[in-house]
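Colleague: I have some questions about the terms used for this structure. Please give the value and the cut-off each time.

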Amino acid sequence: MRVLVLNGSPKKKSDTFRLTERFLKGLNKDGKHEISVVNVIDKHISPCRGCFGCWSKMDGHCVIKDDQNEILDLYRNADLVIWSFPLYCYAMPSHLKAVLDRTIPLVKMKMVQEDDGTVHHEALADFSKLHTLIICGCGFPDWEGNFDGLKAMCNVCFHGPDMVCVPQTPLLNIPAASVVADPLLDRFEKAGEEYALSLALSPETIAGLESPMIPKEDYIRGVNGD
């Protein structure tokens, strides 16, 4: 399986990417998968100009000559794309959003209406077997309300991907919190093993990955220095 990991953190070893690394360790336990990690912050990705030049060329590439076309080639040939990033203003960081915006060359202008009434652009290539996983961490104390906007966007963009949204990720950088952080990392590794077998995560597994590590009130007191 060819796996493309888009690391959207501005820090290569971010809290969120520590979780993703452990997931990848479990996923590739047998060493059979080809994993490509793109640190998006190191790439030159211009904003989409809305010129639709890609729809004139129809070659799966953007007319802007920067690093996006390299990513598009990896994306087009991947079996699994993992979007790994911290939550920024209830969505993904701007440099990663630029990558998403510029995936337009991978679809056609032609529109398709599904039986449920939803409309989308026809894919340029066959993405029917492409799997998408979202791993997002944040510094909020819990899940409720904080990931809703992101989840709505990803469900539409990626047609219902597996999503793991983890609160309290700054605890991963606090040595005293290792008693709760290390078990979470272990669960992510086990989740990677599960995904390798079924290309999906059970609701029970996702719930275990998303559960806050410590009580909300304790976390807030720690952040506030009380």
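The exchange below takes the terms one by one.

Modeller: Keep in mind that this is a predicted model. The chain has eight helices and seven strands.

Colleague: What makes the chain as compact as a globular protein of that length?

Modeller: Its radius of gyration is 18 Å, and the globule rule gives 17 Å for 226 residues; the two are close, so the chain is as compact as a globular protein of that length. The C-alpha trace spans about 60 × 40 × 40 Å along the principal axes.

Colleague: How much of the chain counts as buried?

Modeller: Buried means under 20% relative accessible area, and 43% of the 226 residues count as buried. As for contacts between residues at least 6 apart in sequence, 73% join residues at least 24 apart.

Colleague: Why are H1 and H6 called oblique to each other?

Modeller: Helix H1 (residues 15-27) and helix H6 (residues 178-198) pack at an angle of about 40°. Angles under 35 degrees count as roughly parallel and 65 to 115 as roughly perpendicular. The angle of about 40° falls in neither range, and H1 and H6 are therefore oblique. Their axes are 6 Å apart, and H1 passes H6 in a right-handed crossing.

Colleague: Which residues make the contact?

Modeller: On H1 they include Leu-19, Arg-22 and Phe-23, and on H6 they include Leu-185, Phe-188 and Glu-189. By class, the contact has nine nonpolar, two polar and six charged residues. Gly counts as polar; Gly-26 of H1 and Gly-192 of H6 are among the residues in contact.

Technical notes:
Residues are numbered from 1 along each chain as its sequence is written. This is a predicted model: local features need pLDDT of at least 70, side-chain atom pairs count only at pLDDT 80 or more; totals for chains, interfaces and linings use all residues. Side-chain values use heavy atoms; hydrogens and water are left out. Axes are lines fitted to C-alpha atoms, for helices over the stretch in contact, and angles run from 0 to 180 degrees between N-to-C directions. Helices (H or I, at least four residues) and strands (E, at least two) are DSSP runs, numbered from the N terminus. Angles under 35 degrees count as roughly parallel, over 145 as roughly antiparallel, 65 to 115 as roughly perpendicular and the rest as oblique. A crossing is left-handed if the near helix is turned anticlockwise from the far one by less than a right angle, and right-handed if clockwise. Contact means heavy atoms within 4.5 Å. The radius of gyration is taken over C-alpha atoms; the globule rule is 2.2 Å times the number of residues to the power 0.38. Buried means under 20% relative accessible area, exposed over 50%, partly exposed in between (1.4 Å probe, protein chains only).
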